[in-house]
Amino acid sequence: MTTLPRVPSPVSPPESLTPAQAFDALYGFCAPALVRQTYLLTGRRELAREAVERAFQLAWQRWPEVARDRDPAGWVRAVAYDCALSPWHRFRPRHRHPEPPPADPADRALLHALLRLPPSYRRTLLLYDGVGLDLPETAAETEASTPAAASRLTHARQALADRVPELADPRTLHSRLLEVASAERLRAARPATVRTVSERRNALWTRAAITFTVALIGATTLTLRTAPTHYEAPIAPAQAVGGVPPRVAPGPLSPARQALRTKLRRASERSGPERVVPLAG
């Protein structure tokens with residue numbers, strides 16, 4: 001892990017450089033050291049490479065903003081550290097098992113002690129004792145106050161010194177961090193590859209956003225066409241009606257009623273209207 005100068009010459013390119021050339025210059029200057037720093041932050045080689053590549057992909061998508069930043073290297077470093085420390089990595093199958101530790105026992109002890117620190121303490125320690133930022137810059141990059149950053153740094157140094165006593169001296173700690181990071185052969189992808197992947201991701205997200213917008217408009221139009229235009233009161237549920245007497249089937253007529261029925265029929269036959277018979281045409 002080598003320190004990153006705050007304002008290197010590749011970050012402020014001359015006007016003759018194209019955006020791609022300026023990006024490639026920043027990538028070539030920062031990416032190799034940033035991968036080694038991120039490895040110390042996570043203890044995972046592949047995750048360190050992925051986090052740095054993802055940070056530079058986002059930087060290329062927002063290149064006009066990053067190119068005008070006072071510290072483009074710091075912008076990319078902050079994004080890479082955030083990606084590397086994301087808690088969602090624990091759900092990835094490939095990151096559920098630890099990677100092989102360094103071959104040297106002293107390097108293993110330092111990396112093990114470093115990874116036992118809380119992520120915020122580990123990040124503060126690497127920025128101050130590894131990258132070489134001062135305390136206000138470290139506090140700003142970790143989104144903490146200067147006293148909080150100083151407290152994290154003090155506790156992180158003390159925890160490392162308790163586990164590895166020879167690291168009590170900050171100068172020794174700085175040199176050992178450089179040695180452990182440099183001992184690992186960590187390579188970053190080519191800048192052209194990072195730019196190509198970034199452009200593909202951007203195009204994919206753009207198409208996905210357009211598809212989602214069209215689907216949302218279609219669903220809204222369908223809802224407006226099929227939705228009722230006035231309020232319809234709901235039909236009350238059926239209820240049982242009580243108190244109604246049961247239906248009784250009629251019984252046989254009495255002799256008096258039978259005689260009355262016969263009389264009525266005879267009377268209608270004698271005095272009723274004549275039947276209407278159609279005439280032949």
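A polar contact here is a pair of N or O atoms within 3.5 Å, of which, within protein, one must be able to donate a hydrogen and the other to accept it. The legends below all refer to a predicted model.

**View 1. The start of helix H5, with a polar contact from aspartate 104 to the backbone.** In this predicted model, a side-chain oxygen of aspartate 104 comes to within 3.0 Å of the backbone nitrogen of alanine 106, at the start of H5. Alanine 106 itself belongs to helix H5, and it counts as partly exposed because its relative accessibility is 40%, a value that lies between the 20% limit for buried and the 50% limit for exposed residues. Across the fold, alanine 106 and valine 180 are 9.0 Å apart from C-alpha to C-alpha, although 74 residues separate them in sequence.

**View 2. The buried face of helix H5.** Helix H5 spans residues 105-115, and its residues Asp107, Leu110, Leu111, Ala113 and Leu114 are buried. Seen down the axis of H5, these buried residues fall within an arc of 165°, so they line one face of the helix. An α-helix has 3.6 residues a turn, so residues three or four places apart point the same way. The partners against which the buried residues of H5 pack are helix H1 (19-42), helix H6 (119-131), helix H8 (146-163) and helix H9 (170-183).

**View 3. Arginine 176 of helix H9 and its contacts.** Arginine 176, which lies in helix H9, is buried because its relative accessible area is 15%, where buried means under 20%. When residues up to four places away in sequence are not counted, arginine 176 touches Ala106, Asp107, Leu110 and Leu167. Of these contacts, Asp107 and Leu110 are among the buried residues of H5, whereas Ala106 is partly exposed.

**View 4. The largest pocket and its lining.** About 350 Å³ of space lies in the largest pocket, and 14 residues line it, with Thr42, Arg44, Ala84, Leu85 and Arg122 nearest its centre. H1 and H6 are the elements that give two or more residues to this lining. By class, the lining residues of the largest pocket divide into seven nonpolar, four polar and three charged.

**View 5. The second largest pocket and its lining.** The volume of the second largest pocket is about 230 Å³, and among its twelve lining residues Arg70, Asp71, Gly74, Arg77 and Glu141 lie nearest the centre. Helix H4 (72-84) and helix H7 (135-141) are the elements that give two or more residues to the lining of this pocket, and H4 gives the most, with four residues. The lining of the second largest pocket comprises four nonpolar, one polar and seven charged residues.

**View 6. Glutamate 143, in the loop between H7 and H8.** Glutamate 143 has a positive phi of about 55° although it is not a glycine. Most residues other than glycine have a negative phi. With a relative accessible area of 77%, glutamate 143 is exposed.

**View 7. The whole chain, as context for the close-ups.** The chain has eleven helices and zero strands, and buried residues make up 32% of its 281 residues. Among contacts between residues at least 6 apart in sequence, 73% join residues at least 24 apart.

Note on methods
Residues numbered from 1 in each chain as written. Predicted model: local features only at pLDDT ≥ 70, side-chain atom pairs only at ≥ 80, totals over all residues. Heavy atoms only, no water. Buried < 20%, exposed > 50% of the residue type's maximum accessible area, 1.4 Å probe, protein only. Arc of directions from axis to C-beta. Contact = heavy atoms within 4.5 Å. 1 Å grid on protein atoms, 1.4 Å probe; cavity = no way out; pocket = protein on both sides within 12 Å on 5 of 7 lines; lining within 4 Å. Points joined across faces, edges and corners; volume = space filled by probe spheres on them. Nonpolar A, V, L, I, M, F, W, Y, C, P; charged D, E, K, R; others polar.
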